[in-house]
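Biologist: Before planning further work, I should like to go through this structure with you. Please reason each answer from the model itself.

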Amino acid sequence: MKLYCLSGHPTLPCNVLKFKSTTIMLDCGLDTTSVLNFLPLPLVHSPRLSKLPGWVSKDGSLNLEKRELLDLSTIDVILISNYHCMMALPYITEHTGFTGTVYATEPTLQIGRLLMEELVNFMERVPKAQSATCWKNKEIQRMLPGPLKDAVDVWTWKRCYSMQEVNSALSKVQLVGYSQKVELFGAVQVSPLSSGYSLGSSNWVIQSHHEKVSYVSGSSLLTTHPQPMDQSSLKNSDVLILTGLTQMPTANPDGMLGEFCSNLAMTIRAGGNVLVPCYSSGVIYDLLECLYQFIESANLGTTPFYFISPVANSSLEFSQIFAEWLCHNKQTKVYLPEPPFPHAELIQTNKLKHYPSIHGDFSSEFRQPCVVFTGHPSLRFGDVVHFMELWGKSSLNTVIFTEPDFSYLDALAPYQPLAMKCVYCPIDTRLNFHQVSKLLKEVQPLHVVCPEQYTQPPLTQSHRSDLMLELQPPPMPYRRCSVLNLPFRRRYERVYILPELANSLVPSEVKPGVSVATVSAVLQSKDNKHTLQSVPKAPPVAPSKKRKRVMEEPPVTMAPKPLLSGAVPLEAFLATLQKHGITEVKVEETADGHILHLQAEDTLIQLEEDGTHIVCDNNEPLRATLRDLVLRFLQKL
């Protein structure tokens, strides 16, 4: 069993597991941090941005992880754990010869489609007068300013996919539900479990009849809107692959929510605007729910909230219809009937308004001071670029970063000098090191495999041993482009026996409660299933006057020799030898049993736990007699 690591980003994993005769890709996250190396894509031409020194024009490149370790056309199945970990799917399914199946839950598919559609929309709606690719040449890259000069493997950076490629990729997705067992080629079963992180997010169990591998990615034990994490099904794993832990282990999500609300209220009261760069699904649902409870107490009832995204309407509607994927409290609201999320009430009362872009209705209905939720969190494309240009010159305004995927200082770099206030409140509900240590003690896997980053403290906090995994035995670390031989070997395989063959067996009891039967059969292996069938009988030969050659005669099926069971008791065997006139017997005790030396007959008998040997030269009658005496004490099967 081997594990190939194709990603160097622990929270955007891409691993390939070779298990029995199947090749399974675990997630295909897309690392978009490479966009921080480029200028923002403004909706209208910005002289200030285009003349910034030390930067190059952006051509919409995204970082695609290593693919040379493995021929991706050999992948049989892709398992998706959550919608953030499927953003590279079109690159794999459309450009590698992939012919397999992708498995994901329905919310993961639908919300993943929205995020891809939004990304494509952000890229395609800004026309690019020219496209630069020569800079990826190593000789030219060395002459570029930092950080592009120091970027690694820039030749792997790809242009954003198209909507046609997105639709083609998602047509290969097969929907699954929690705890549903899907059989892969008769070799293994895969089953998604609730991970508690986002709508439809999953951990996966991959198991055969005798081995079990658990894949834990992007999980949460906090009480938020998704179904709680299923921990019990992870027990008794031979190997647990762990990835997708929190990127902010020292930031408490509840504390960050409180800080978010207080900074928002202070800005609004001072007459400023608040900009929240965010994804169109996920944490935004919790932010809106928090604000719903906070608005009245903070006297913000008249402040408009705007959610601007090409998929804003779909995202808000999807969150309300996926009731079976929500936590129990939100599920019960559906049967009252009430909408599970309070942002439905905010929309009905016109406190929250959503728009596909800043054009059209928004420009006529827009009023300040206000709160705007929009993308992209990198501040490199999307409507957020316009608001940074619009509000960045006033110290009354505030930008609040809640997504932990990007360095907020790097995101703000092309907008400097900036007068507006910046607040960093990263909200990451995924497992922290304390929670995952407790989880592993409960589920007790034999072996844990995790990214190398989790086995050592962060570089900036090298003294914090609590910000790493300390397990016994130590976890097996992997890094980008590494190949691990997972530390367990398959020992057993399940074999089925046909009913007619089972009926012909005659069990013999070898000890109380244990019976054994010999089987003579033909083993058939098909679709990774093994079956014992009766030995076919030779067809009767028609009488013929012609003389046939010996080679044409059907082979004779020999009856199998009977197996022997039991032990030869020493005292009783010596007594039997005396009855048959063998009296001069010298007994020697060994580590495995006894050696009997028949001195007069010059013969040795070795009585051992798993066998009996008679050493007798040139006296076949004596050997046959001794063999028959030994057989008296053994049971034939």
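The exchange below concerns confidence, aromatic pairs, one sheet and two loop residues.

Biologist: What is the mean pLDDT of the protein chain?

Modeller: This is a predicted model, and each residue carries a confidence on a scale from 0 to 100. Of the residues in the chain, 89% reach 70 or more. The mean pLDDT is 86.

Biologist: Over which residues does pLDDT stay under 50?

Modeller: Where pLDDT is low, the predicted coordinates should not be read in detail. That caution applies to a stretch for which the model has 30 contacts beyond four places in sequence. The stretch with pLDDT under 50 is residues 55–60.

Biologist: Are the rings of Tyr-408 and Tyr-424 stacked or tilted?

Modeller: Tyr-408 belongs to helix α13 (residues 408–412) and Tyr-424 to strand β19, 16 residues apart. Their ring centres are 4.6 Å apart. Planes under 30 degrees apart count as stacked; these lie at 20°, so the pair is stacked.

Biologist: Is Phe-401 buried or exposed?

Modeller: The ring of Phe-401 pairs with that of Tyr-408, with centres 5.9 Å apart and planes at 50°, so this pair is tilted. Tyr-408 is partly exposed, with a relative accessible area of 26%. For Phe-401 the relative accessible area is 4%, and the cut-off for burial is under 20%. Phe-401 is therefore buried.

Biologist: Which strands stand at the edges of the open sheet with the order β23-β27-β26?

Modeller: The sheet has three strands with mixed pairing. An edge strand here has a single partner, so one of its sides is left without a neighbour in the sheet. The strands at the edges are β23 (495–497) and β26 (521–526).

Biologist: Which residue in β27 stands opposite Ile-497?

Modeller: Strand β23 is joined to β27 (residues 529–534) by three bridges, and the two run parallel. Opposite Ile-497 stands Leu-532.

Biologist: Is Thr-429 buried or exposed?

Modeller: Thr-429 lies in the loop between β19 (421–424) and α14 (433–443). Beyond its neighbours within four places in sequence, its contacts include Tyr-197, Ser-219 and Pro-253. Its relative accessible area is 10%, and under 20% counts as buried. Thr-429 is therefore buried.

Biologist: With which residues is Glu-324 in contact, leaving aside its neighbours within four places in sequence?

Modeller: Glu-324 lies in the loop between α8 (312–321) and α9 (328–334). Glu-324 is partly exposed, with a relative accessible area of 43%. Its contacts beyond those neighbours are Gln-227 and Gln-331.

Key
Residues are numbered from 1 along each chain as its sequence is written. This is a predicted model: local features need pLDDT of at least 70, side-chain atom pairs count only at pLDDT 80 or more; totals for chains, interfaces and linings use all residues. Side-chain values use heavy atoms; hydrogens and water are left out. Helices (H or I, at least four residues) and strands (E, at least two) are DSSP runs, numbered from the N terminus. Buried means under 20% relative accessible area, exposed over 50%, partly exposed in between (1.4 Å probe, protein chains only). Contact means heavy atoms within 4.5 Å. Two strands pair if DSSP finds at least two bridges between them. pLDDT is the predictor's confidence in each residue, from 0 to 100. Rings of Phe, Tyr and Trp (its six-membered ring) pair if their centres lie within 6.5 Å; planes under 30 degrees apart count as stacked, over 60 as edge-to-face and the rest as tilted.
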